[in-house]
Amino acid sequence: MCGIFGIVTKEKQKLGPTLIEAGHRLSYRGYDTVGAATIPPEGEIDLRKDVGKVQDVADRLKFSEMSGQRAILQLRWATFGAPSYTNAQPHLDSDGNMVGAHNGNVVNNVELRQQFMAEGMTVRSENDGESCVHAVERYINQGFDMVEAIRHAYNDLEGDYAFVIGKIGEDRLYAIKKGSGLIAGVTEGATCIASDLPSVLDITRNIVRLEDGEIITFWADGYEIRKVEDGSVVERQPELVEDTMEAVQKGGYDHFMLKEIHEQAQVAQELFHLLENSADVDPMIARIEAARNIYIIACGTSYHAGLLGSVYFANLAGRVTIPVLAPQFIAQYAPAVGPEDVGVFVSQSGETKDVLNAIQVAEARGMGVLGLVNVVGSSLMRESEYYVPLACDYEISVPATKTFTNQVVGFLYLALRMGGHDTAPLANLPRWIDETIEAVEQQIPAVEGKISPWDDLYCLGYGLTYPIALEGALKLKEITYAHCEGMLSTEFKHGPLSAVTEGYPVIFVAGPDDIPLIVSGINEVTCRGGRAIVISEEDSRLRVNADDMIVLPTVEAPDDMRPYIDALLSVLPLQLLSYKISLAHGYDPDFPRNLSKTLTVD
Ligand code: M6R
């Protein structure tokens with residue numbers, strides 16, 4: 001994701017080193033271009049930017065020599081417009097009097113660019129950060145001052161973003177928050193803003209947190225916050241942040257895993273907006289639709305998302321896809337694939353060796369390579385003809401959570417589009433995710449203790465919830481170290497039922513359309529003394545048969561979409577349950593023993 005930083009100092013000084021440091025601190029967010037600008041009181045804005053890593057771009061363009069009292073830095077993670085010099089941020093206005101940069105997505109970027117050009121402005125790139133600058137320029141041209149121009153621009157710029165902007169002839173910078181992160185830092189002789197707290201803590205611990213719909217004007221020894229809505233001044237003093245850097249990076253949660261679970265609504269929202277406006281979606285869909293065979297290839301959690309994607313494609317788009325673990329693709333299917341086929345490769349890291357091996361074999365046979373991938377600039381992203389970026393920021397915790405959710409959202413979106421369905425209800429996903437997390441968090445303590453003493457259990461699902469059961473079982477194995485097998489519920493009677501003894505836990509994940517079948521499965525377990533724990537929406541048939549229930553709130557999705565949404569939401573209690581049981585055992589869920597986040601070995 002993009003990151004922005006802006007600073008105003010009392011004295012003119014070499015700002016290059018401060019900008020390079022800010023770039024390094026923001027780089028954990030992921031990026032593919034780097035840019036910086038200093039804004040003199042008069043003369044020309046010094047703008048330097050390019051594709052590459054912070055140190056590499058800074059060395060090549062001699063950032064260390066940049067000096068002044070006002071500066072902006074931006075790391076860009078490409079969404080609108082390819083990574084290139086032109087699309088790199090910051091951006092100038094038409095006559096080079098203003099410079100600005102943003103973090104987030106302006107979803108009406110294409111329309112805005114056309115309007116700006118029609119109004120005679122000089123639009124140099126395809127990037128939505130440039131639209132932020134021209135949106136302000138539009139109102140400066142009409143005679144408004146900077147704050148008023150930004151207030152008007154806010155109404156024109158749709159999406160989630162934060163941006164910072166400065167103008168020649170002044171001593172200050174301006175920043176605005178709408179959906180994306182923005183904080184300010186106040187220190188002796190300087191005031192700064194940044195996308196997140198970890199990015200300024202080395203400079204100052206006096207922090208002002210901005211809220212959505214607020215504009216901050218900041219100068220070397222002060223700042224003023226105003227509401228966009230009515231221009232009124234907001235009084236807010238800086239707070240002293242005393243937490244350690246690690247605690248700050250965890251965003252107030254005890255573990256990265258919990259933080260990442262709670263970020264799922266936000267990342268789903270960002271992905272949805274991105275997909276609605278991505279230039280890659282249509283060609284990617286065309287490529288999938290034209291294929292003879294469609295393979296979905298991945299490992300671990302990403303494979304489970306692909307498995308659910310495959311159910312979505314069949315049910316919503318009438319297309320058969322072949323979900324397969326990457327090494328098995330090589331062993332089983334590779335000899336038979338060719339240029340008429342495509343593989344949708346799914347990976348958080350984009351560097352999993354098993355997946356890269358499969359890509360290599362697929363490419364050798366001329367098969368098309370498409371990607372669903374989180375890490376920007378990864379091998380999978382580079383190898384893909386078209387890709388859906390998962391837009392999850394960094395996922396630090398070894399157990400994948402938010403990337404699973406966005407992989408599933410990505411598949412659901414593609415399947416809806418391919419089937420000619422309305423994607424608009426997905427705009428409610430963030431709310432449904434948050435409501436589900438809130439509702440299930442309260443229910444976990446009652447069930448946790450029934451499972452945690454056991455080091456052997458099952459997690460069963462059927463149809464849409466089968467991939468979720470596999471994913472829940474993987475989460476439980478990965479961070480509680482118990483042996484938890486995920487399985488199709490109807491298979492349980494074909495052998496594993498013999499494991500059931502008094503109190504033996506079996507988790508059932510039940511979709512709204514499969515309840516009678518799940519009730520049968522529950523009774524096979526409970527009549528042998530086993531304990532049936534059910535995850536589903538409230539249902540009297542399940543309630544009377546199960547020992548315990550974790551109830552998912554009933555979401556107001558259109559009826560024909562509800563089972564698909566429910567499946568996606570039913571992973572949330574399993575993530576939380578695994579997390580809690582891991583803690584109950586005294587384990588560190590973020591860094592389970594023997595595992596690493598990215599498996600770059602065969
Ligand atoms: O980076 P990838 O998505 O390609 O990683 C694949 C698996 O190693 C990964 O999903 C693993 O299973 C997770 N740690 C499970 O939480």
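Me: What is the order of the five strands in the open sheet, and in which sense do they pair?

Reply: In this predicted model, the five strands of the open sheet are arranged as β17-β16-β18-β19-β20, with parallel pairing. Neighbouring strands of the sheet are turned against each other by 20° on average, direction ignored.

Me: What makes β17 and β20 the edge strands?

Reply: Each of them, β17 (322-325) and β20 (386-389), pairs on one side only.

Me: How do you know that β16 and β17 pair?

Reply: Two strands count as paired if at least two bridges are found between them, and β16 (residues 294-298) is joined to β17 by four bridges in the parallel sense, so the criterion is met. Within this pairing, Ile-296 stands opposite Pro-323 of β17.

Me: Which helices pack on the sheet or lie across its strands?

Reply: Helix α9 (residues 281-290) packs on the sheet and touches β16, β18 (342-347), β19 (368-373) and β20, its direction making about 130° with that of β19. Helix α11 (residues 326-333) lies across β16 and β17, and runs at about 110° to β17.

Me: Why is the pair of Tyr-139 and Phe-144 called edge-to-face?

Reply: Ring centres must lie within 6.5 Å for a pair, and planes over 60 degrees apart count as edge-to-face; the rings of Tyr-139 and Phe-144 are 6.1 Å apart centre to centre, with 65° between the planes, and therefore both conditions are satisfied. The structure holds eleven aromatic pairs, and ring pairs also link Trp-454, Tyr-458, Phe-492 and Tyr-504 into a cluster.

Me: Why is Tyr-139 called buried, and why does Phe-144 count as partly exposed?

Reply: Buried means under 20% relative accessible area, exposed means over 50%, and partly exposed is in between. Tyr-139 has 12% and is therefore buried, whereas Phe-144, at 30%, is partly exposed.

Me: What makes Arg-593 a charge that sits over the ring of Tyr-481?

Reply: The charged end must be within 6 Å of the ring centre and within 35 degrees of the ring normal; for Arg-593 the distance to the centre of the Tyr-481 ring is 3.9 Å. Lys-178 likewise lies over the face of Tyr-154, at 5.4 Å from the ring centre.

Me: How do you know that Cys-132 is in no disulfide?

Reply: The structure holds zero disulfides. A disulfide needs sulfur atoms within 2.5 Å, but the nearest cysteine sulfur to Cys-132, that of Cys-2, is 10 Å away, so Cys-132 does not qualify. Cys-132 counts as buried, at 1% relative accessibility.

Key:
Residues numbered from 1 in each chain as written. Predicted model: local features only at pLDDT ≥ 70, side-chain atom pairs only at ≥ 80, totals over all residues. Heavy atoms only, no water. Helix = DSSP H or I, 4+ residues; strand = E, 2+ residues; numbered from the N terminus. Axes fitted to C-alpha atoms, helices over the stretch in contact; angles between N-to-C directions. Contact = heavy atoms within 4.5 Å. Phe/Tyr/Trp six-rings, centres within 6.5 Å; stacked < 30°, edge-to-face > 60°. Buried < 20%, exposed > 50% of the residue type's maximum accessible area, 1.4 Å probe, protein only.
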